[in-house]
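Student: Could you walk me through one part of this structure in detail? I would like to follow the charged pairs first and then see how a single helix is set into its surroundings.

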Amino acid sequence: MTSTGGPATFTEGVDAAVAETVRRTGATIGALYVCAPDEPVLLLEVLCGAPADFAAPWARVPVASPAPVTDAVREDRLVWVASQEEFARAYPRTAVALPYPCALAAAPVTGTRRWGSLLLIWPATRPPHMSRREEGHIASSCRRMAQLLEEAVESGQGPVPGAQPRVLPVASGTRAGRPAPAAADFAERLPGGSCALDLEGRITFLTSGGAELLGRDADQLLGTVPWQSLPWLDDPTYEDRYRAAVISREPVMFTACRPPDQWLDFHLYPDASGISIRIVPTGAQPPSPALRRSAGTAAPARAGQLYQLMHLAAALTEAVGVQDVVDLVADQIMPAFGAQGLVLSTADAGRLRITGHRGYPTHVIERLDGLPIDTHFTPAGQVLTSGIPSFFATAQEMRRIYPEAQTISGKQAWAFLPLIISGRPVGCCILSYEHPHTFSAEERAVMTSLAGLIAQALDRARLYDTKHQLAHGLQQALLPHTLPMVAGLNVAARYLPATHGMDIGGDFYDVIRLGDTAAAAVIGDVQGHNVAAAALMGQVRTGVHAHATLGSSPDEVLSRTNRLLSDLDPGLFTSCLYAHIDLARRRVQLASAGHPPALLRLPGHRTVPVDVTPGPLLGIVPGAKYPVTEFPLAPGLLLAFYTDGLVEAPGTDLDDSIAQLARRLDDAGEGDLDLLIDSVLRESGPTRQRTDDIALLVLQSGNGPEEGPA
């Protein structure tokens, strides 16, 4: 993401603000993220103090993902992480790809609206607490950046999605690349060798002693990256030490072997402009040296790519449903490889069904969806059946074998990655490019490894979605679609699923019409949040309904249902509260199987729990007894039945929670029962994350049986 091509005032102003904030706060690295205009994603706009490839895993961050920069935007607060240990606890996914000692802060950039967030990173040696002065500097800088963004948008110079982030040069005042003769002479007189790297890892200075120890002339090494120009340093272990020095700004040391047997110690001393390195022979071979690879061994992936792969792997483990996998591949894996198009398909009944896509028009997806697995229209079928990925660097390569595919796609380069688990085809992931793209051996290796992780995540997600749809459909079929109208009785109910987990549960409720002058009300909670819980909920509700319509008393209804569950032995327990409401005799009878007590409110009185002696949960004791509590059905009497999801919370006393629910019923007042339920649930915080589902059933008596339907 970068600015439009008009006057440079916007980019210059924002760049200067970021660089100044890094300088004033003593940070070593700074990054400005800006909210994408048309999707919930943060895009890296400016990076200061580190190479662009360091930030590759986080160039595009979904706002909903767990990360300091996203928390700062969502919660509109300063996020402070004082140490690597705290980082790993709070943000394990991000910490996997940034395993270096450091402290960091993320602050929201907010003006007339939320524009994004600012990330600052310090060495781990800084104080563990942020001072008020530092917080003030950061807040002031963020307000300034928000103002610059607002002015830029008003003048048509705002950020443009899709462009590369700007990497700021190292702080002004940096020394020139060629040292003064006196400094060069000083370095030459030191024993061993010396060299300097810029923050990109390129060699900018090398003494004759350093060149001799490295085994190359200085002219061959200046301007190169050592782990690319020196094969014996081509190991991610050594590149990782360089990355550690840049991020942590702390001295780092490692030992490497120059063939055939010359062991060298490398001492790295970083600052804001680069890294000074002392190279000296090792006195003795280290006990656990990095092993030299034979000439025939394939080069390993870069350290940055390995960390990026670990970051993406951690993200894939958090994906729950198929759409989560699609979104993660589109939001993080596509940008990681610079792709502009994505097609993710699954193998279903001999065909490739597209489950997600990006960067393609609808008519192209319609043409590609449902192709046979053995299709020769695109490489997808061959890739999936053979298990071997295919890479096409140009449109000409594609046209030679699949002439129609390139015409339909309109892209210029493709990576077809088979998604296979234990020899079983799961699907195919296609990354495409709008321009020719050469796939290096390292990139192919990383893509292939990532395809295996995508396959596992997609397979888990499909299983989850299937089970969820089954259980959700079963639950919805078993819950009452409407409640019967009973003369002289107003009824209303609500069910809220859990927001964490499979979004299903075993809570149920029902109102049963028993002739013209009686009704039964029941509420229950089956242990668990899965298909088994939903199925058992249906069995309990059916059993209660059958025994109630036979005219059984409340204790008999619960006893017979208990015997049914004991015989079925489902391995799950159920709480239940049953009420028989006699509108002719104006009496209510209650029996409980380990369920929270009903709440009762008489006109002009406070809401109180009904004192019911509960019997054991259903399905535990085959011959259990369930005492019955009876009280008058006074005109205007209100009864509220609920499940424990409405009152139970970690660290909260259950009696206190029930008393608080009673107060909320009082505060909701009289009137329409649906509005009363809405008020109670709203005050209970229904938008919060719920680990349990909630059922609430409310009944209110009219003046008598002669009153019409509610």
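**A buried arginine and its partners**

Tutor: Let's begin with Arg-166, which is buried at a relative accessible area of 14%. Keep in mind as you look that this is a predicted model. Arg-166 forms a salt bridge with Asp-15, and their closest N and O atoms are 2.8 Å apart. Arg-166 belongs to strand β9 (residues 166–168) and Asp-15 to helix α1 (residues 9–25), so the pair ties together parts that are 151 residues apart in sequence. Asp-15 counts as buried as well, with 15% relative accessibility; the cut-off for buried is under 20%.

In general terms, side chains of opposite charge can pair when their charged atoms come close. The structure holds 20 salt bridges, and two further pairs are worth setting beside this one.

Turn next to Asp-71 and Arg-74, whose closest N and O atoms are 2.3 Å apart in their salt bridge. Both sit in helix α2 (residues 68–75), three residues apart, and are separated by about one helical turn. An α-helix has 3.6 residues a turn, so residues three or four places apart point the same way. Asp-71 is buried, with a relative accessible area of 8%, whereas Arg-74 is partly exposed at 34%.

The other pair is Asp-459 and Arg-424, whose side chains meet in a salt bridge of 2.9 Å, N to O. Here helix α17 (residues 441–478) supplies Asp-459 and strand β20 (residues 424–433) supplies Arg-424, so the pair ties together parts that are 35 residues apart in sequence. Asp-459 is partly exposed, at a relative accessible area of 22%, and Arg-424 is partly exposed too, at 40%. Beyond single pairs, salt bridges that share partners join Asp-582, Arg-585, Arg-587 and Glu-630 into one network.

Now for the helix you asked about. Let's take α20, which runs over residues 654–668. Its 15 residues reach 21 Å from the first C-alpha to the last, close to the 21 Å expected at 1.5 Å a residue. At the N-terminal end, Asp-653 acts as a cap: one of its side-chain oxygens lies 3.1 Å from the backbone nitrogen of Asp-655. After the helix comes Gly-669, which has a positive phi near 75°.

Which residues of α20 are buried? They are Ser-657, Ile-658, Leu-661, Ala-662, Arg-664, Leu-665 and Asp-666. These buried residues pack against the strands β26 (599–601), β27 (608–609) and β29 (638–642), and also against helix α21 (673–683).

For a view of the surface, look at Phe-573, in the loop between α19 (554–568) and β24 (574–582). Phe-573 is partly exposed, with a relative accessible area of 37%. Together with Ile-620 and Val-621, Phe-573 forms a nonpolar surface patch with about 230 Å² of accessible area.

Finally, step back to the whole chain. Its secondary structure comes to 21 helices and 30 strands, and 53% of its 710 residues count as buried. Among contacts with a separation of 6 or more, residues 24 or more positions apart account for 62%. The chain exposes about 31500 Å², of which carbon and sulfur atoms supply 54%.

Conventions. Residues numbered from 1 in each chain as written. Predicted model: local features only at pLDDT ≥ 70, side-chain atom pairs only at ≥ 80, totals over all residues. Heavy atoms only, no water. Patch = residues over 30% accessible without salt bridge, like charges linked within 9 Å, V, L, I, M, F, W, Y side chains within 5 Å. Areas by Shrake-Rupley, 256 points an atom, 1.4 Å probe, with all protein chains shown as cover. Salt bridge = Lys/Arg side-chain N within 4 Å of Asp/Glu carboxyl O. Helix = DSSP H or I, 4+ residues; strand = E, 2+ residues; numbered from the N terminus. Buried < 20%, exposed > 50% of the residue type's maximum accessible area, 1.4 Å probe, protein only. Expected span 1.5 Å × (residues − 1). Contact = heavy atoms within 4.5 Å. Polar contact = N/O pair within 3.5 Å; in protein donor to acceptor, adjacent residues only side chain to side chain.
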